[in-house]
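Colleague: I'm a first-year student and still learning to read a protein model. Could you pick one part, take me through it slowly, and show me how it connects to its surroundings?

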Amino acid sequence: MQLGTVELGKIPRVILAINDDNLEEKLFKARELKIDLIEARIDLLKNLSKANIKRFLDTIGDFGFYAVATVRPVWEGGEFSRNEEERLNVIKEVAEHPVVAAIDIELRAEKIIKRVITYTKSLRKKVIVSFHDFEKTPSLDEILNIASRAKEIGGDIVKCAFKANSIQDVSNTACTMKSIDMPKIFMLMGDKGSISRVDGFFFGSLLTYTFFGESVAPGQIEAENLIKLLLKFYPDYRKEKLKTEKAI
């Protein structure tokens with residue numbers, strides 16, 4: 001599977017979550033570190049006018065990146081506080097931008113999820129169906145049910161982010177996610193779950209999320225430290241990044 005020009009599944013891929021704070025500085029650094037994709041956190045922008053959203057996405061494109069766009073509502077850990085119809089309109093506008101390779105929509109967004117999926121796929125772009133639990137890790141049956149529902153509703157990728165309250169939560173989730181037969185992204189939040197952001201690829205996860213400055217989710221590993229770990233533990237990732245460096 002590809003998001004923009006980025007092929008997923010062969011080597012670890014890193015996605016950087018950003019808003020419009022110090023945007024160009026972050027994108028310069030992301031390019032230097034060979035970050036693969038940008039998570040465009042539309043809900044975290046200071047101004048949600050059409051002009052500002054376009055400027056934000058244009059700048060991401062100017063630096064050569066494709067983006068996964070997220071308009072996360074307050075009820076699932078984001079900052080978008082308007083009603084769902086307004087959010088749908090923003091998502092549609094964002095999905096049309098050429099740098100946006102995928103839209104992330106919450107499984108629990110029952111009022112708009114089908115319309116988001118239909119519209120995004122009409123643009124020949126991918127849909128990530130996400131589910132977050134900031135308090136606990138669901139049971140194994142619940143995790144399987146989340147993935148099944150995401151696939152049934154038409155998602156291309158299921159993304160699961162759970163709070164790890166024990167190391168057992170991490171190992172149980174990894175083994176369960178490995179058994180799921182659709183493309184997936186998963187991570188365990190909190191200090192106990194941080195390891196999943198490095199070793200999740202062994203269990204089939206396609207992306208790991210990172211940040212500069214202040215994290216947007218508990219347990220994320222800062223970009224430079226994360227990439228050092230990936231270079232250490234994934235020879236194919238190291239080989240690919242070194243090859244890119246020589247080409248430049």
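Modeller: Happy to! Let's begin with a unit you can trace with a finger: β4, helix α2 (residues 50-62) and β5 form a β-α-β unit that is right-handed. Please keep in mind that this is a predicted model. Our part for today is strand β4, which covers residues 37-41.

Start with how β4 sits among its surroundings. Of its 5 residues, 5 are buried, and the strand is mostly covered. On one side you find Leu37, Glu39 and Arg41, and on the other Ile38 and Ala40; every one of these is buried, which leaves both faces of β4 covered.

Now look at what lies alongside. What joins β4 to strand β5, and in which sense do the two run? There are 4 bridges between β4 and β5 (residues 67-70), and the strands are parallel. You can find one of the pairs by looking for arginine 41, which stands opposite threonine 70 in β5.

Strand β3 is another partner: β3 and β4 pair over 4 bridges, again in the parallel sense. Here, isoleucine 15 stands opposite leucine 37 of β4. Next, find leucine 16, which has isoleucine 38 of β4 opposite. To get from β3 to β4, the chain passes through helix α1 (residues 23-32), and this β-α-β crossover is right-handed. That gives you a second unit to trace, next to the right-handed one made by β4, α2 and β5.

Let's stay with β3 for a moment. Why can we call this strand largely enclosed by the rest of the structure? The reason is that 5 of the 5 residues in β3 (residues 14-18) are buried. Its side chains point two ways: Val14, Leu16 and Ile18 go one way, Ile15 and Ala17 go the other, and all are buried. Strand β3 also has a link to strand β10 (residues 208-210), with 3 bridges and a parallel run. In that pairing, valine 14 has threonine 208 of β10 as its bridge partner.

On the way from β3 to α1, pause at asparagine 22, which lies in the loop between them. Is asparagine 22 buried or exposed? Its relative accessibility is 53%, so asparagine 22 counts as exposed. Its backbone deserves a look as well. Most residues other than glycine have a negative phi. Asparagine 22 is not a glycine, and yet its phi is positive, at about 45°.

Now come back to β4 and let me show you one residue in detail. Arginine 41 belongs to this strand. Its relative accessible area is 7%, and the cut-off for buried is under 20%, so arginine 41 counts as buried. What does its side chain touch? The side chains of arginine 41 and aspartate 43 are joined by a polar contact of 2.8 Å.

Arginine 41 also leads us to a pocket. The second largest pocket has a volume of about 280 Å³. How many residues line it, and which lie nearest its centre? The lining has 19 residues, and nearest the centre are Arg41, His132, Phe134, Val216 and Ala217. Strand β4 has a share in this lining: β4, β8 (157-163) and β9 (184-189) supply at least two residues each.

Let me put the picture together for you. Strand β4 pairs with β3 over 4 parallel bridges, and 4 bridges join β4 to β5, also parallel. The path from β3 to β4 goes through α1, while α2 belongs to the unit of β4 and β5. Both faces of the strand are covered. Arg41 is among the residues nearest the centre of the second largest pocket. If you want to practise, find arginine 41 in the structure, look for threonine 70 opposite in β5, and then look for aspartate 43, whose side chain makes the 2.8 Å polar contact with arginine 41.

How values were computed. Residues numbered from 1 in each chain as written. Predicted model: local features only at pLDDT ≥ 70, side-chain atom pairs only at ≥ 80, totals over all residues. Heavy atoms only, no water. Buried < 20%, exposed > 50% of the residue type's maximum accessible area, 1.4 Å probe, protein only. Pairing = 2+ DSSP bridges. Right-handed = clockwise from strand over helix to strand, strands pointing away. 1 Å grid on protein atoms, 1.4 Å probe; cavity = no way out; pocket = protein on both sides within 12 Å on 5 of 7 lines; lining within 4 Å. Points joined across faces, edges and corners; volume = space filled by probe spheres on them. Polar contact = N/O pair within 3.5 Å; in protein donor to acceptor, adjacent residues only side chain to side chain.
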